[in-house]
Amino acid sequence: MHCESCKKIIEMKVGELDGVFEISVSREAEEATVTFNPDLVSTKKISDEIISLGYQVTPDGHAGAGALEEALDERQTGETNDGPGNLRHKEVATKSETVLAEKAIIEKSTLRISGMSCASCVAKIETALKSMDGVASAVVSLPLEKATVEYSPASVDIAAMKKAIKDLGYSAAEMSDEDSGEDRERARRRKEMWWKVFWFSFSLVLSIPVMLGSFQDFPVFNTFVPPWMRSNYFLFAMTTPVIFGPGAQFFIGAYKGLKHGTADMNLLMATGIGASYIMSVLVTFFSLGPGYERPYFETAALLTTFILLGRMLEAITRGKTSEAIRKLMGLQAKTARIVRDGEEMEVLVEEVQVGDIVVVRPGEKIPVDGVVVDGYSSVDESMITGESIPVEKKKGDEIVGATINKNGTLKFEATRVGKDTALAQIIKIVEEAQISKAPIQRIADKFSGHFIVAVHALALVAFFFWFFIGSSLFDVAPQTPFLFSLFVSIAVLVISCPCAVGLATPMAIMVGTGKAAEKGILIKGGEALEGACKLDVVVFDKTGTLTKGEPAVTDVIAINGFDGPELLRLAASAEWASEHSLGEAIVNRAKEDGLALSEPSDFTAIPGHGITASVDERSVILGNLKLMTDRKVSLNGLEERVTELSEQGKTPMFIAVDETAAGIVAVADTLKDYSADAVKELHRLGLEVAMITGDNARTAKAIAKQVGIDRVLAEVLPEDKANEVRKLQEQGKKVAMVGDGINDAPALAQADIGIALGSGTDVAKETGDIVLIKDDLRDVVASISVSKKTLNKIKQNLFWAFFYNTAGIPMGAGILYPFVKFVVNPEVAALAMVTSSLSVSLNTLWMKRRTF
Amino acid sequence: MAEIKTRGALLGSLAASVVLTISFYLLATALGRYGKLDIYMASIYVLVLSMIVSASVIPPLLKKRQGGS
């Protein structure tokens with residue numbers, strides 16, 4: 001259940017069943033409490049009814065459906081025995097809180113919408129969709145021209161939604177997976193741009209002579225403009241195609257909107273253009289008397305041309321902001337070379353199936369995700385992870401589609417194809433993020449929801465003022481009071497258009513999330529983007545996040561004539577057969593150092609203490625203090641060094657060779673390369689940094705000290721991590737949790753912002769508001785930084801958009817006229833409106849040049 | 001039922017606009033400083049703008065008064 005109508009539907013339909021006295025559905029708890037007479041209706045019937053409505057019914061708690069049935073029967077039968085009667089049943093059923101927990105079947109669809117021009121269109125479509133029964137949520141993006149709708153298919157279908165949108169004067173089409181293909185998207189954009197450029201050019205070509213003819217009296221114009229261009233009939237002939245050609249879209253849009261009781265930018269423009277055109281036509285064909293000698297065709301023509309210019313420029317900048325998605329789509333390989341029946345063949349990438357063996361030669365693009373089965377090469381993964389250094393790939397390694405094979409031939413088995421590939425998942429996440437809204441957008445939504453009507457009211461007030469008061473107080477000649485008031489009123493209508501307000505937030509989100517995606521940072525929506533700017537504390541999980549999660553040898557201290565490599569060789573040889581992670585770390589280090597290990601004999605593991613073994617006929621004891629004491633090994637002051645190493649969070653082990661202390665080997669989980677840098681940068685941003693770990697306090701503090709972390713939450717069990725995050729939140733702090741997207745999922749979900757780190761390729765499985773594809777903690781800083789810059793950009797954009805309207809409306813209303821005899825013409829108002837949306841768009845595009 | 005309500009709201013909007021336009025016309029005529037054409041043209045413009053405003057404002061107000069039903 002996602003909306004009030006789901007609740008109402010269930011209550012209504014179940015309530016209509018014979019024998020049901022009462023049903024109360026809680027949307028928050030996803031529960032339905034039903035009071036009923038079991039003689040007349042069974043729980044199964046109630047469940048079936050709910051299921052038929054498109055919801056799922058499960059018993060409360062962890063019991064199965066049968067258990068629920070049994071429990072209900074027991075309670076009701078018992079009650080019936082106590083005393084029959086419907087009322088008794090009702091009381092008992094209510095007391096026993098017969099609960100049906102249900103989960104709605106909610107589908108999500110994306111619709112492509114054409115014809116939107118401003119924030120009011122967005123508000124109008126969202127309101128219409130949200131008011132439909134069964135629609136849980138609807139988010140419309142003006143720059144993307146898309147609507148994402150969550151709905152219950154049992155209550156509403158796509159066709160009904162499309163009709164509702166169409167009724168408002170827009171066109172809507174459902175987007176399929178194929179629609180998101182790069183070629184189709186590009187073709188659609190190109191067609192749209194072509195029409196915008198065509199209509200603007202058409203309008204401009206006809207408007208120039210209109211402008212020249214109308215301004216023929218001006219000093220420069222009268223030198224070259226022929227007198228016939230001044231003819232009202234010529235101006236009429238030039239203007240009419242502009243109004244009925246490209247200008248018709250405003251009238252059609254306004255009519256469709258009005259038909260459904262809604263007002264949008266089209267209405268503003270239609271009122272302005274229509275009023276000046278009709279006035280001019282009347283002046284041309286009828287003798288209206290003094291004050292009405294001059295037509296205003298240039299106002300109608302230029303107004304149309306400037307608005308079309310604005311729409312064209314807006315489409316161009318909009319195309320630039322969605323470049324990130326197009327770039328991602330363009331990464332997809334078109335073909336793949338696969339081996340079938342022992343033969344290599346080239347097929348379309350869509351035809352590759354899971355399990356196919358794919359061959360990729362040097363320089364070629366890897367078509368789908370898979371696991372290398374043969375070959376060795378380095379692969380450029382920068383397009384997915386943002387990491388510029390190629391990664392070596394050998395048998396058993398995972399490879400990601402859309403990356404480029406550099407120098408060797410690779411054979412791999414396809415594991416994920418089509419919409420399951422890492423690239424497809426990334427595109428989906430970025431698309432969803434770009435269409436989502438940041439909470440700050442509520443200001444814009446509230447503003448634009450009622451703005452158009454407010455502007456018309458304001459235009460009416462301005463008209464009244466100048467008609468009754470202004471025209472008699474201030475000289476408005478040569479115009480009549482009506483004409484002066486009319487053009488002031490039109491200027492108010494045109495200059496107030498909220499098109500910049502509608503672009504301010506979504507464009508910035510598109511650029512911000514797109515820039516982040518290029519760096520391998522997937523921000524899952526506007527809410528995450530805004531949330532990341534308000535953080536107080538960043539909590540890092542220790543193992544696997546701050547540290548590599550694998551123990552490694554950190555110190556080798558040799559005494560009594562032994563040297564480091566020899567000591568390490570003896571220790572590693574003794575541990576050869578060990579399966580303990582500390583032993584493995586010692587063996588790995590010895591192998592890395594190229595030491596020749598000897599096979600041990602008489603290997604004995606002493607649990608909790610260490611090991612003993614013979615290496616090259618020498619007895620080796622490797623372990624803790626207790627083991628050394630038991631074996632009566634004199635440690636020659638090594639205890640102090642051991643304490644020192646322990647305080648650094650390391651695990652030191654004594655080594656005795658032939659019953660004589662030979663030194664210490666210390667092992668620790670080492671920090672990742674950029675952990676300290678990331679923490680330092682977070683401090684620079686003014687954030688508190690905490691570490692959460694199951695380790696003991698001493699080890700935890702030692703690690704925290706190395707990276708410069710302020711707060712340590714040690715000895716926290718994995719299942720308690722979410723509680724620790726909650727405790728921080730209860731202190732009034734906004735918390736980000738950085739950890740593994742799968743193991744730390746509860747803590748990530750609890751945090752205000754969950755940042756899943758180093759997820760590799762299966763990004764869709766990740767919990768977290770932000771997913772970092774590569775294992776680099778500096779991306780935590782980058783994601784906060786990109787969020788802050790995007791939010792700043794949104795604030796700047798909203799400021800400029802509101803500033804233009806706030807400053808423009810009084811100017812349009814003629815506030816300057818009493819002082820300097822200046823009034824904004826409708827066509828100048830249109831230019832100001834174009835400048836407003838252009839400045840917002842360019843300000844957003846500027847962000848694309850910034851680095852994070 | 002819904003259609004009747006919609007029609008009622010529309011009639012309400014139209015009535016409000018007509019009342020405003022007539023008031024405008026009477027006031028402009030009473031002041032006596034405007035030409036006939038100015039008054040006629042202005043009245044038409046006022047009617048159009050006030051219809052746009054009232055058609056957007058009055059139906060929700062009526063709905064609110066009826067308790068959102």
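**Entry 1: where the chains touch**

Before counting anything, I noted that contact means heavy atoms within 4.5 Å. I also wrote at the top of the page that this is a predicted model.

With that settled, I looked up who takes part in the contact: chain B brings 19 residues and chain A brings 27 residues. Next I checked how much area gets buried between chain B and chain A, and I got about 1900 Å². Carbon and sulfur atoms give 82% of that area.

How many salt bridges did I find between chain B and chain A? The count is 0. Polar contacts are another matter: I have 7 residue pairs across the interface of chain B and chain A, with both residues at pLDDT 80 or more.

Then I asked which helices of chain B do the touching. Helices α1 (2-31) and α2 (36-65) of chain B each put at least two residues into the side that touches chain A. α2(B) gives the most there, with 12 residues. I sorted the residues on this side of chain B by kind and wrote down 15 nonpolar, 2 polar and 2 charged.

**Entry 2: one serine in chain B**

I stayed with helix α2 of chain B and picked out Ser43(B), which sits in that helix. Is Ser43(B) buried or exposed? I noted a relative accessibility of 9% for Ser43(B), so it counts as buried, since the cut-off for buried is under 20%.

What does Ser43(B) touch, if I skip its neighbours within four places in sequence? My list reads Thr21(B), Phe24(B) and Tyr25(B).

**Entry 3: following strands in chain A**

Over in chain A, I started from strand β12 (residues 369-375). It runs antiparallel to strand β17 (residues 410-416) of chain A, and 6 bridges join the two. I traced a couple of partners by hand: Val372(A) pairs with Phe412(A) in β17(A), and Gly370(A) stands opposite Ala414(A) in β17(A).

β12(A) also has strand β15 (residues 398-399) of chain A as a partner, again antiparallel, through 2 bridges. Here Gly370(A) turned up once more, with Ile399(A) in β15(A) as its bridge partner. So I have Gly370(A) down twice, facing Ala414(A) in β17(A) and Ile399(A) in β15(A).

Which strand did I look up next as a partner for β17(A)? It was strand β11 (residues 357-360) of chain A, which pairs with β17(A) in the antiparallel sense over 4 bridges. One of the pairs I jotted down is Val360(A) with Leu410(A) in β17(A).

**Entry 4: two aspartates with positive phi**

I went looking at backbone angles and stopped at Asp616(A). Its phi is near 50°, a positive value in a residue other than glycine. Where is Asp616(A)? I found Asp616(A) in the loop between β22 (610-615) and β23 (618-623) of chain A. Its relative accessibility is 41%, so I put Asp616(A) down as partly exposed.

Asp658(A) went on the page as well, with phi near 50°, a positive value in a residue other than glycine. This aspartate, Asp658(A), lies in the loop between β24 (651-657) and β25 (660-671) of chain A. I noted 38% relative accessibility for Asp658(A), which means it counts as partly exposed.

How values were computed. Residues are numbered from 1 along each chain as its sequence is written. Chains are lettered from A and ligands numbered from 1 in the order in which they are written. This is a predicted model: local features need pLDDT of at least 70, side-chain atom pairs count only at pLDDT 80 or more; totals for chains, interfaces and linings use all residues. Side-chain values use heavy atoms; hydrogens and water are left out. Buried area is the accessible area (1.4 Å probe) that two parts lose on being put together, summed over both. A salt bridge is a side-chain nitrogen of Lys or Arg within 4 Å of a carboxyl oxygen of Asp or Glu. A polar contact is a pair of N or O atoms within 3.5 Å; within protein, one must be able to donate a hydrogen and the other to accept it, and residues adjacent in sequence count only if both atoms are side-chain atoms. Ala, Val, Leu, Ile, Met, Phe, Trp, Tyr, Cys and Pro count as nonpolar, Asp, Glu, Lys and Arg as charged, and the others, Gly among them, as polar. Buried means under 20% relative accessible area, exposed over 50%, partly exposed in between (1.4 Å probe, protein chains only). Two strands pair if DSSP finds at least two bridges between them.
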